[in-house]
Every structure is written in C-alpha cells, then in structure tokens.
Amino acid sequence: MAKQRLVVIGNGMAGARAVEEVLARGGSEMFDITMFGDEPYGNYNRILLSNILSGIQDASEIFLNPLDWYAENGITLHAGSPVTEIDRFAKVVQSASGVRAHYDKLLIATGSRAFIPPIPGIFTEPGKLKSGVFGFRTIDDCSGIAAAAGSGGKAAVIGGGLLGLEAARGLLHHGCEVHVVHLAGHLMEQQLDAPGGAILKKTMESMGVTVHVGKSTSQVLGEDRVTGLAFKDGTSLECGLVVVAAGIKPNAEIGVRAGLTVERAIVVDNHMLAVDDMSVYVVGECAQHRSRVYGLVAPLWDQAKVFADHVTGANRNAAYHGSKLATKLKVMGVELASMGITEPSEERDETIQFSEPQRGTYKKLIVRDGRLIGGILMGDISKAAYLMQAFDRDSPLPEERLSLLFDLGAPPQKVTLDEMPAEAQVCNCNGVTKAAIGNCVAGGNRSLPGVMNATRAGKGCGSCKGLVSDLVAWFAGGDVEEDPSVHWYVPNIPLKKSELVEAIRARTLKSVSAVFRELAGGVEDAGAKPALASLLSVVWKGEYVAEPDARFINERIHANIQKDGTFSVVPPMPGGATTPAELRRIAEVAEKYHVSLVKVTGGQRIDLLGVRKEDLPAVWAELGTVSGHAYGKTYRTCKACVGTDFCRFGLGDSMALAKKIEDRFKGIDSPHKMKLATAGCPRNCSEALIKDVGLVAVGDDRWEIYVAGAGGSHVRKGDLLCTVSSHEEAILISGRFMQYYREEAKYKERTYNWIERVGIERVRAVVVEDSDGIAARLDAAMQESVDAYVDPWGALIEGQETTRFASLIPAGE
Amino acid sequence: MSVLGERFLCRLVDVPPGEGRTFEMDGQRIAVFHTRTGSVFATAAECPHKGGPLADGMLGGTTVTCPLHERVYDLANGRELTGDCDLMTYPVRRTADGVVLLLPAASDAMIS
Ligand SMILES: Cc1cc2nc3c(=O)[nH]c(=O)nc-3n(C[C@H](O)[C@H](O)[C@H](O)COP(=O)(O)OP(=O)(O)OC[C@H]3O[C@@H](n4cnc5c(N)ncnc54)[C@H](O)[C@@H]3O)c2cc1C
Ligand code: FES
C-alpha cells in the first residue's frame with residue numbers, strides 16, 4: 001500500500017512529540033512525514049527557557065531533536081517556514097516561503113504565543129513591540145531579553161504568574177533591579193490562595209525582586225524605546241526593559257482561515273480531531289478540548305499519544321478525557337508545587353492547612369470524599385511527588401491526615417518511596433512512572449544517566465531528577481551492583497592501578513604495546529595508551545621503552561597543538577626569571593619563524609604560538625634551551641615572586657628555590673599536570689596557595705608546603721601538608737608528595753581530586769610521618785626518575801625519524 | 001567495488017606503525033594510517049568536525065581519535081563512533097613496502 005502523507009504544522013513540544021509517538025507505532029512505514037516550523041531550529045524544550053535566562057543552562061543544552069534526527073527518521077523538515085494557508089478541499093498547505101505540501105492527514109500543533117495586552121504605547125506599529133519590550137516564549141525572546149538586560153539596569157515584568165516569576169528570577173541573574181507588576185491581588189492567583197500568594201511575595205522580595213500587586217499598567221512610556229511604565233493609580237516606574245508575561249494566546253488564526261471551528265482555540269473531539277474535518281488533528285496549546293485550553297506540557301503528552309494511536313490505527317478507540325493540572329515553579333530558591341483548586345468549593349470539602357510565614361512555609365490540601373482535589377506546598381515540597389500522584393490518580397488518602405503534610409518519625413525519603421504506588425508518575429514532563437524506572441533498573445540499567453536516557457525520566461524540566469536518582473538507588477536496593485570498571489586504571493584491562501603495576505612488574509612489560517599484548521588480549525584502546533605510557537614511565541623510569549604512537553601528539557612532538565593544527569612552543573623560564581640575552585634569542589626565533597603570537601603565560605613564561613610542525617626542530621635548536629614541558633601530563637613549571645633579593649617583604653628566597661625545583665623535576669611524568677609555585681612571604685604573589693604544590697616562606701628559612709590547591713575551573717585552597725626548615729627539605733618533601741601522587745592517583749586525576757578522595761590526613765601520614773615506612777622508597781624512586789630525564793627536544797633534534805615533523809608529504813615515490 | 005586501477009600513494013617506512021601521516025595527491029590531502037598489526041587505511045586528512053589534523057590523532061585498533069576534540073572514527077568505514085558525522089575514506093591496499101590507492105570505477109567514484 002502506498003504511504004499516506006502526514007503533514008505537521010508546528011515543530012514545538014506537542015508537534016514533535018506527536019511525531020515521535022507516531023514513529024513509535026511504526027508510523028514511518030505508514031506515512032511520509034513533513035513538518036513545518038516557524039522557528040528556524042530543531043525542536044527544543046521550551047520549559048527550560050527559564051533556566052537559560054537564569055543562567056542554569058546553556059541554549060545548546062535544551063534541544064530535544066537535533067536536525068539530524070529528522071533526516072534519520074525520514075522526516076522532511078521546513079524550519080523557519082511558517083504555514084500561511086491550509087486548503088482543506090485540495091488538502092494542501094502552503095508556507096510563507098512558498099513551499100506547498102499535500103496531505104492525507106494534517107496535524108496542527110502551532111502552540112501559542114505570548115499574549116500582549118493592548119496597553120497604550122506597547123506597540124510602535126501594529127504587531128511590533130516597542131524596543132525594549134519582550135514576550136517570553138522562544139529562544140529568540142530569551143536572547144533578546146538577555147541582550148537588553150546587558151549588565152543590569154531596571155527591568156519590569158508585567159504579570160506575576162508562573163512565567164512572570166521565572167522571568168523575574170532570570171533578570172536577577174543578569175544583574176537587573178527587578179519589579180514584578182501584577183494585576184491581581186496576589187501572585188500566581190491561578191495556583192495559589194491569598195495567604196499563599198502573600199508568603200510567596202515575601203520570598204520573592206527576600207531574593208531582591210520588588211513585587212507590586214493590584215497594579216494595573218496604563219501606559220508604556222518612551223518614544224522609540226521603553227523608558228518606563230505608568231499605572232492607573234497615577235504612579236510610574238522607570239525602566240529600560242519590560243518583559244510581558246500576561247498569559248498566552250493560542251495560534252489559532254490558521255484554523256479560522258481554514259474554516260475550522262475556533263473559540264479560544266481550535267475545537268477538537270476526544271480523538272483530537274478538529275470537529276469539522278476528519279483529516280485534521282490538533283494537539284497542544286492551540287487545541288481546545290471540552291472547553292479547556294491547556295498551558296502546560298503534561299496534557300500535551302497525553303494528547304500526542306491519543307493522536308498517534310488514532311492516526312496510525314494502533315487504537316482507533318483511543319480517547320482523551322482531559323487532564324488535571326499540577327505544576328511546580330522553577331525559580332531557584334523557591335520551592336513551590338501546586339495542584340487542582342486553591343479554595344474549597346463545596347460544603348463537604350475539608351481543608352488541611354499549615355502555615356509558618358516567617359520561614360516561608362505554607363501547606364494546604366483540599367480533600368473531598370477522602371480524595372485530594374487541590375493542594376499548595378511552599379517552602380517544603382518533600383511530599384509533592386506523593387501528593388501530585390494521589391491527586392492525578394484520584395487515589396484514596398490515608399486517614400491519618402497529618403502524615404500528608406509531614407514526614408513523621410521514619411526517615412522521610414524512604415517512607416515516600418515505599419508508599420509511592422507503582423504507577424505513580426515520577427516525571428510529569430515525560431510521563432514516567434515509578435514502575436517504569438523499576439523495570440529499567442531490573443533490566444540491568446543501574447546508573448542514573450542510563451535510566452534517564454532509557455526512560456527519559458528527568459529529561460524535561462529536570463525538577464524530578466533528585467527523585468529519579470533516589471528511585472534508581474532504591475530499586476537497585478541491596479544488590480547495588482557497582483560497576484567494577486570504575487576502579488580499573490584503563491577500561492580494557494580489568495585491574496586496579498596497584499594490581500596493574502604488579503602485573504607489569506611481574507611480566508617485565510616495558511612498553512605500551514607489550515602491555516596490550518600481554519594483558520589486554522592484543523586489543524589496543526586509544527584512550528588507554530597515554531595512561532599506560534605515563535604509568536610505565538613512572539614504574540620503569542629510564543628503562544621504559546617509549547613508543548611515540550602511545551602518546552598524544554603533544555607529547556609525541558613536544559609542543560602544544562593549536563586549533564589550526566600549528567603548535568605552540570614554551571621555553572623554560574624557572575621562577576619567571578629571564579635575561580636580556582635570552583629574550584633577544586626568543587625574539588629572533590619568533591621573527592624568523594613568523595610566530596603569529598607571542599604571549600606571556602599564566603605560568604610566568606613566554607609562549608610562541610603558531611609554529612608550523614616542520615619548523616619545530618629548527619625553532620628548538622635556535623632557542624638553545626631544553627623543553628619547557630608546557631604540553632604534557634607532567635611537572636609543568638614553578639612560578640615565583642621576587643623573594644628576598646628585591647622585595648621589601650621577602651622572608652625567603654623564592655626565586656632560588658623555584659629554580660632548584662624546576663631543575664630537579666622538569667619533565668617528570670605524572671597522572672596529570674603538576675603546577676608549582678614558591679612565595680617569598682605569605683602575601684602569596686605567586687599564588688602558591690592554589691597550586692598542586694606551593695611553598696610559602698614564613699621566615700627563618702622555614703617554608704610551609706601547601707598541596708592540592710586548584711585555580712582553574714575548580715578553585716581550591718591547598719591543604720597545609722607540613723612546615724619544613726630548608727630549601728633541601730622543601731624539595732625532598734615536595735618530591736616525596738609528588739612521587740606518592742604519581743604512584744597512587746588515577747590517570748587524569750589532578751592532585752586536588754586525588755586528595756579529596758584519599759584525604760589530606762592519609763597523605764600527610766605517609767609523606768610526612770612515614771606511617772607506612774615507604775618514605776625512603778618514594779624518595780629513591782623519585783631520584784631514579786630525575787636521573788632518567790632526557791631532554792626530548794634535544795633527542796628529537798638529533799633523532800633520525802624522517803617524517804615525524806612533516807605536516808604534508810607529497811604522494812608517490 | 002570495481003577497480004579501474006591503482007596509484008602508488010606512499011612508502012610504508014614513512015608511516016611508522018601505530019601512527020598516521022598526511023600526504024598530498026593531486027591537490028587532495030589524504031591521511032594514511034599504519035596500524036601496529038600492519039593494516040593500512042586512508043581517509044580525508046581533515047576531521048569533519050573542525051578540521052583537526054587526523055594524522056596527528058591517536059590510533060587504537062582500527063580507530064583514530066582526533067587530536068583536537070577527541071571525536072573517534074572507524075578507519076575501515078569512516079563511521080564516527082562518538083556521533084554521526086562520518087569521515088570520508090579511500091580504498092587502499094598494502095604492498096610489500098608501500099601503500100597504493102585503489103581507483104574505483106566512475107560509478108562509485110570516491111575520488112575524481
Ligand atoms: C519560559 C517558559 C517556561 C515554561 N515552563 C513550563 C513548566 O515548567 N511546566 C510546564 O508544564 N509547561 C511550561 N511551559 C509551557 C510549555 O512550554 C508549553 O505548554 C508547551 O511548549 C506547549 O507546546 P506546543 O507544542 O503546544 O506549543 P509550542 O511549544 O509553542 O510549539 C508550537 C510551535 O509551532 C510554531 N508555529 C506557530 N505557528 C506556526 C505556523 N503557522 N507554521 C509553522 N509553525 C508554527 C511555533 O513557532 C512553535 O515553535 C513553559 C513555557 C515557557 C515559555
Ligand atoms: S576537529 Fe576533530 S574533533 Fe574537533
């Protein structure tokens with residue numbers, strides 16, 4: 001049978017999900033699918049726009065289906081191509097860019113847009129918002145708001161509902177002074193009662209948001225750009241940015257033009273079919289079902305399933321019966337969940353309430369005939385998962401009402417997980433139940449990311465991630481099977497580092513290829529190569545058989561690869577001290593080899609960037625120094641302040657110590673880079689407190705040794721290992737610490753990660769107090785490594801390899 | 001694949017085992033890889049991601065890891081193992097001491 005043509009208008013959350021549901025029912029066999037989207041992107045998770053504005057997530061993280069996905073599933077996507085006309089008689093749609101597509105079945109999923117109330121001055125011309133005024137609906141809105149917020153200024157949000165408060169929180173993140181202007185008497189009046197709204201107002205204000213309730217905006221001020229708002233009560237507010245979050249307006253005009261029945265949105269029946277046309281379905285915020293139009297995602301998922309069941313024939317009786325609404329506010333620092341009605345509406349309704357306004361806690365449940373029909377949880381939402389479930393399923397509540405609000409006695413989380421029924425919905429965004437997570441774990445998926453990928457739980461708004469993680473642990477129960485490979489040194493050899501070292505010694509394996517041959521069944525693993533090379537060099541020192549292919553390109557040719565494939569060269573400069581002659585030589589080399597950038601590094605050295613691979617040997621030869629080792633997982637450099645020679649405050653000779661350290665430890669391989677510094681006094685001009693090893697002079701030739709500091713993407717003050725009383729002792733203990741780290745740490749584990757794992761006490765016991773009696777052995781091992789040092793630049797300049805430095809070789813003989 | 005002919009690409013000694021080198025033939029840049037087990041492969045020289053020099057990457061079995069952002073490709077078929085952006089491959093054959101490029105018939109032309 002020839003395939004039917006399914007055309008989808010709207011590539012948003014409902015449209016894309018509906019297509020996924022169709023595919024899941026074998027729909028690609030039945031339909032040629034064409035999608036039209038107004039936005040020039042693949043489908044993304046609109047819910048997370050709040051997180052983007054508040055800086056929690058990056059725009060690139062919220063895409064649900066990248067463009068590849070459409071191609072893979074044989075879907076023709078016209079992105080950035082809104083449909084303007086539907087001809088229901090010819091069964092064809094036409095887009096603004098002129099694309100025409102015939103359909104057998106049509107799905108309208110055009111969603112809605114920000115509702116812009118007709119306040120005088122809000123538009124400069126019909127449909128065009130005044131500069132500085134934004135809706136909050138799309139990625140482009142988000143970028144516009146962020147750009148206009150710049151680095152602060154005064155901003156107003158019109159509307160104190162869910163969306164408005166999330167926008168306000170986002171603007172705070174951009175450094176704005178934020179005002180929320182709300183028409184109703186209390187915030188979030190759809191989801192909260194008046195006392196709840198009042199508590200929320202206080203919470204928002206404590207975060208720095210000014211909240212105006214009962215305030216009606218009468219005019220948007222400013223000529224071409226917004227300069228402020230004027231209000232009905234005669235007051236006004238100056239501001240350069242306005243976000244309008246006053247509700248949504250369904251994109252239903254297309255239905256009107258096509259002659260479909262449209263009230264607030266396009267009217268559908270229980271199969272999500274337009275009431276006037278058996279070939280046209282409607283899902284999402286542009287659909288009106290039993291007089292209701294939904295503005296949250298959970299109902300759309302149900303609608304998408306019903307549509308897919310019906311259109312594919314998987315279940316022609318599938319019917320949508322409406323959804324109950326429950327929601328959580330995604331404002332960092334505010335815990336708020338709400339469901340159903342906010343006030344009792346019949347005499348038999350019973351209200352259970354707890355209020356502690358000072359602490360921002362408010363809980364209110366409305367129970368009818370022993371079932372939950374409404375609820376507000378603020379400040380403490382630990383019971384939200386359970387209650388939302390009871391609400392959604394209409395399940396009977398326990399007689400003991402107090403336990404509905406609080407966890408009494410037993411450890412809170414456990415009670416909740418136990419008492420949660422199997423069909424309880426854990427992830428509302430993606431409709432994943434407790435049972436589905438259980439099945440996934442039982443099926444062998446025991447990690448949080450694994451379960452999240454397999455079930456999609458936690459991949460919507462993300463607010464249930466904690467619960468998903470708890471459930472995975474709970475289901476995995478006693479036999480949490482920890483993946484043993486996390487302890488292996490490399491993934492393809494099932495041995496811990498210590499066991500691996502033993503095996504390497506026992507079989508005298510001195511090269512990486514020998515290790516693969518003997519211990520990995522001859523199977524190479526690219527990722528394991530550098531880890532093994534590093535380990536072998538620590539174990540065998542001078543006897544280690546180096547194989548270039550086991551090292552990253554940087555360590556193969558002893559320079560740092562740059563994004564254009566050229567390299568950077570850093571001559572050594574211990575303690576940042578140099579001479580005019582040395583500078584002159586560097587300058588000459590830089591000119592001769594057309595170095596594109598000469599830059600002082602953070603490690604007090606000079607970086608020559610943009611050296612061509614084939615020029616490296618000549619550059620090194622003419623620099624006339626040994627390698628600065630600025631590229632590998634090795635000892636890198638030792639920074640220093642001026643110390644005693646010139647500084648008025650100097651207590652110790654930090655420059656001389658830095659030089660001795662660099663002479664001794666240069667090029668020493670290690671699990672990750674080791675950056676050192678010496679400081680002549682506790683002012684720490686050389687930042688010794690945030691180095692892998694930092695030595696700080698405290699007077700009388702005494703030095704404090706700080707270890708495992710970090711000053712990169714992670715910042716950590718080093719731990720004081722001990723205080724020593726000479727340069728010699730400082731070098732000895734630093735070396736012993738580094739050797740212990742070299743032997744114990746996992747590959748790519750910086751000193752600061754390692755120390756958090758094993759604890760400074762343990763390291764101090766071994767290195768300073770010699771608790772294990774291995775101090776002398778560690779010192780000797782470090783000495784051997786030092787003795788085995790060969791300058792790689794020198795070796796390579798003299799080497800015989802013909803093509804090592806060629807970046808392009810002519811083919812042929 | 002029907003083969004029209006062969007062209008000498010490079011000497012084996014120019015590509016040490018476990019490594020790759022970039023060669024230029026008729027203006028095209030081709031990365032040649034020589035595994036430690038003695039197989040040879042040829043691919044486009046530039047990583048499809050951001051043009052990283054693949055010959056400077058790490059070989060593991062029959063895969064290469066790009067030195068710039070660590071995307072991994074299967075040398076045998078060009079498939080990206082870390083994603084789905086594939087790499088162009090060239091059919092080659094190893095001779096006693098060199099690597100030759102197989103020229104496909106025009107119908108399945110991979111190289112003009
Ligand atoms: C900032 C923000 C936070 C939110 N937070 C939550 C939350 O926490 N929880 C929750 O449940 N919901 C939340 N929502 C609501 C949720 O995002 C919507 O309910 C959902 O996106 C509606 O899906 P939809 O497919 O109907 O509409 P949309 O996702 O808007 O998709 C409709 C798509 O159709 C396109 N379109 C329109 N007209 C045409 C045309 N003529 N031709 C082609 N394409 C067209 C639009 O450009 C759009 O891409 C939030 C919304 C926003 C904006
Ligand atoms: S250029 Fe190859 S991975 Fe980015």
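Biologist: Which residues of helix 6 of chain A are called buried?

Modeller: They are A:Leu162, A:Gly164, A:Leu165, A:Glu166, A:Ala167, A:Ala168, A:Arg169, A:Gly170, A:Leu171 and A:Leu172; buried means under 20% relative accessible area, exposed over 50% and partly exposed in between, with a 1.4 Å probe and protein chains only. That is 10 of the 12 residues, so the helix counts as mostly covered. Do keep in mind that this is a predicted model, where local features need pLDDT of at least 70 and side-chain atom pairs pLDDT 80 or more, while totals for chains, interfaces and linings use all residues. Residues are numbered from 1 along each chain as written, chains are lettered from A and ligands numbered from 1 in written order, and side-chain values use heavy atoms, without hydrogens and water.

Biologist: How do you know that residues 162-173 have the span expected of a helix?

Modeller: A helix here is a DSSP run of H or I with at least four residues, numbered from the N terminus. Its expected span is 1.5 Å times one less than its number of residues, so 12 residues should cover 16 Å, and the end C-alpha atoms, 17 Å apart, agree with that. After the helix comes A:Gly175, with a positive phi near 80°.

Biologist: Why is A:Arg456 called partly exposed?

Modeller: Its relative accessibility is 35%, so it earns that label. A:Arg456 sits in the loop between helix 14 (448-455) and helix 15 (465-476) of chain A. Its phi is positive, about 75°, although it is not a glycine. Most residues other than glycine have a negative phi.

Biologist: And what makes A:Thr508 partly exposed?

Modeller: A value of 46% relative accessibility, so the label applies here too. A:Thr508 lies in the loop between helix 16 (497-506) and helix 17 (512-519) of chain A, and its phi is positive, near 50°.

Biologist: What makes the largest nonpolar core a core, and where does it lie?

Modeller: A nonpolar core is a set of buried Ala, Val, Leu, Ile, Met, Phe, Trp, Tyr and Cys residues joined through side-chain atoms within 4.5 Å. The largest has 74 residues, and A:Ile33, A:Val93 and A:Phe307 are among those with the most contacts inside it. Helix 9 (residues 297-312) of chain A gives the largest share, eight residues. Domain 1 (4-111 + 250-312) and domain 4 (425-486) of chain A, with bounds from an automatic or database assignment, both contribute, so the core lies between them. A second, separate core of 41 residues includes A:Cys142 and A:Leu329.

Methods
Helix = DSSP H or I, 4+ residues; strand = E, 2+ residues; numbered from the N terminus.
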